[in-house]
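Student: I would like to learn how to read the sheet and the helices of a model like this one. Could we go through it feature by feature?

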Amino acid sequence: MPIQPRSAGSAEEQLSIIDALIALPFPEQEGQSETQFGWGGPGYHIADLRQSRDFWDAPDPETFTAAEEELEADLTALVTVPAGRWGSPTVVDLWPYLGLDNPEHPDIEAPEPLSSLCNLAGSMQMWQVPSAGRRLGLTLGQADREFPFELLAAVGEASTLPK
């Protein structure tokens, strides 16, 4: 079964959303709030650019693999545009932001958007957006095996995403 786009059906639409997120003011209200393209809070936006089907009733592993490969191909194609604008991305390992590596301080939570992203993905590709004083991250995530794969874009103030 082909993937049904959730928010953006084409690479051009995805890039349009990314450009809008870079320019869009951040929500001032504490906590997460819905935005035009996804969700956000003080200092960040996250957009679900594209989503696969869910896998609650996936009949075979090939369905799962095909959906993952299709969104990985979308991510690979999408990455070429910011790489052309701002150079090669920095790959950010999101695992440390889960807090599992610091048993002495299990209650310390990563700042957003890292707190949300580390629960969905293992790493992200990130760029500094010099004209906006912001950073852009792109990743492929999945909340759990039964849930859809998501092509995610995160835009944060320079201080909310790692260097």
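Tutor: Let us begin with pairing: two strands count as paired if DSSP finds at least two bridges between them. In this structure, which is a predicted model, β5 and β6 meet that condition with five bridges in the antiparallel sense, and V129 stands opposite R134 in β6.

Student: What connects β5 to β6, and which residue in the turn has a positive phi?

Tutor: The two strands form a hairpin with four residues between them, and the turn contains G133, whose phi is positive at about 65°. On its other side β6 is joined to β7 by nine bridges, again antiparallel, with G141 opposite E150 in β7, and here the hairpin passes through six residues.

Student: In what order do the strands of the sheet lie?

Tutor: The sheet is open and has seven strands, in the order β1-β2-β3-β7-β6-β5-β4, with antiparallel pairing. The strands at the edges are β1 (33–34) and β4 (90–93), and because each has a single partner strand, one side of each is left without a neighbour in the sheet. Further in, β3 (residues 44–51) is held to β7 (residues 149–157) by seven bridges, and Q51 has E150 as its bridge partner in β7.

Student: How should I read burial along a strand such as β6, and how many of its residues are buried?

Tutor: In a regular strand the side chains alternate between the two faces of the sheet. For β6, R134, L136, L138, L140 and Q142 belong to one side and R135, G137, T139 and G141 to the other, and all of them are buried. Nine of the nine residues are therefore buried, so β6 is largely enclosed by the rest of the structure.

Student: Which strands do the helices lie across?

Tutor: Helix α1 (residues 11–23) lies across β3, β5, β6 and β7, running at about 175° to β3. Helix α2 (residues 61–86) also lies across β3, β5, β6 and β7, at about 170° to β6.

Student: Which residues of α2 are buried, and what covers them?

Tutor: An α-helix has 3.6 residues a turn, so residues three or four places apart point the same way. In α2 the buried residues are T63, F64, A67, L71, L75, L78, V79 and P82, and their cover includes α1, β3, β5, β6 and β7.

Student: What span should α2 have from its number of residues?

Tutor: At 1.5 Å a residue, its 26 residues should span 38 Å, which agrees with the 37 Å between its end C-alpha atoms. After α2 comes G87, with a positive phi near 95°.

How values were computed:
Residues are numbered from 1 along each chain as its sequence is written. This is a predicted model: local features need pLDDT of at least 70, side-chain atom pairs count only at pLDDT 80 or more; totals for chains, interfaces and linings use all residues. Side-chain values use heavy atoms; hydrogens and water are left out. Contact means heavy atoms within 4.5 Å. Axes are lines fitted to C-alpha atoms, for helices over the stretch in contact, and angles run from 0 to 180 degrees between N-to-C directions. The expected span of a helix is 1.5 Å times one less than its number of residues. Buried means under 20% relative accessible area, exposed over 50%, partly exposed in between (1.4 Å probe, protein chains only).
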